[in-house]
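Here's an informal walk through one protein model, written for someone who likes to poke at coordinates. Have a look at the structure first, then read on.

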Amino acid sequence: MNFHSWANDLFSQLESTRRIIVPDLRNHGQSPHHNSMSYREMMEDVLTLMDNLGVDKAELIGHSLGGKIACAIALCHPERVKTLAVLDIAPVSYSQEDAAWWQVDKVIHAMARLPLEEVDNRDEADSMLSVDIEDPILRRFALTNLIPTSNRPGYSKWRWRINVQSIKNFLPSIRDFDIGQGSGDLAGLGVRFGGDVFFVSGRRSKYISTRHLPTIANLFPRYNMMTIKNAGHWVHSEDPVETLRLVKMFLDVPR
């Protein structure tokens, strides 16, 4: 299940009607491709979208990179955020040796190496990617971004929807969590969000661990967290029903 389908289900089940906006980050989906993608830039992209749509304050939900950007907005612009729900990511700088981050690095580099000019169909692309990406769930995620282009002779039949090269170039920045305050002790600088925050983690995922909890507590003193036992990192796809139930429970609380 993709985020658009999941958001539609959330919209239909919430006790009070909300306007739900599902933007693509820069270099993702239908959004423009850019040569740079710092957290500051991606945060400003979302704030500009909110301004253009007349949204003064929002309840933000983000998964993975989107979750870190949602955290950045809450910390840097708390006046624009009512509540925050973060799906399986921590507001921290990950080490390149972290098992969770190693998977991201591996997938993006495998996508960048794929010889698109030699790909005739998705099955071939899947077979080629399997050399570097053993996990079929990760390959399936990667291949959702493979889309057909021209069928003209001499032209590649496939291209990546996401800007693979820019994402690859900015992996060290994405791994970090520099939101314009430096990537050190944000709480020590007085950077905090005082609103309600809800973290959802996948039990089979390594993106949120016990060593991240002190940082989460310092930055978001009113946080709660729940774990989905039958999910890894892709909680909204691996167990959409339970993820939906938990996020709905959080959003339905009167405030």
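## Ground rules and one helix residue

A helix here is a DSSP run of H or I that is at least four residues long, and helices are numbered from the N terminus. Keep in mind that this is a predicted model.

With that in hand, take I137, which sits in helix α6. Is I137 buried, exposed or partly exposed? Its relative accessibility comes out at 34%, and since partly exposed covers the range between 20% and 50%, I137 counts as partly exposed. If you go looking for I69, it is 68 residues away from I137 along the chain, and the two C-alpha atoms are 24 Å apart.

## The nonpolar cores

Which residues touch the most other members of the largest nonpolar core? That core has 62 residues, and the answer is L84 and F220. Helix α3, spanning residues 65-76, supplies the largest share of this core, with nine residues.

F220 is worth zooming in on. Once you skip its neighbours within four places in sequence, F220 contacts C71, A74 and L75, along with L84 and P91, and also F193, V197 and F199. There's a second core too, separate from the first, with 15 residues, among them W6, L10, A85 and L87.

## Strand β5 and its partners

Now for β5, the strand at residues 197-202. It's mostly covered, with six of its six residues buried. On one side of β5 you'll find V197, F199 and S201, while F198, V200 and G202 point the other way.

What does β5 pair with? Strand β2 (residues 81-87) runs parallel to β5, and the two share four bridges; L87 has V200 as its bridge partner in β5. Strand β6 (residues 223-228) also pairs with β5 in the parallel sense, this time over six bridges. There, F199 stands opposite M225 of β6.

## The second largest pocket

How much space lies in the second largest pocket? About 230 Å³. It has 14 lining residues, and those closest to the pocket centre are Q103, D135, R204, G232 and H233.

Two elements give two or more residues to that lining: α4 (99-113) and α6 (136-143). The largest share, three residues, is from α4. If you sort the lining by class, you get six nonpolar residues, four polar and four charged.

Definitions and conventions. Residues are numbered from 1 along each chain as its sequence is written. This is a predicted model: local features need pLDDT of at least 70, side-chain atom pairs count only at pLDDT 80 or more; totals for chains, interfaces and linings use all residues. Side-chain values use heavy atoms; hydrogens and water are left out. A nonpolar core is a set of buried Ala, Val, Leu, Ile, Met, Phe, Trp, Tyr and Cys residues joined through side-chain atoms within 4.5 Å. Buried means under 20% relative accessible area, exposed over 50%, partly exposed in between (1.4 Å probe, protein chains only). Contact means heavy atoms within 4.5 Å. On a 1 Å grid over the protein atoms alone, a cavity is a set of points where a 1.4 Å probe fits but cannot get out, and a pocket is an open set with protein on both sides within 12 Å along at least five of seven lines; lining residues have an atom within 4 Å of a point. Grid points are joined across faces, edges and corners, and a volume is the space filled by probe spheres set on the points. Ala, Val, Leu, Ile, Met, Phe, Trp, Tyr, Cys and Pro count as nonpolar, Asp, Glu, Lys and Arg as charged, and the others, Gly among them, as polar. Two strands pair if DSSP finds at least two bridges between them.
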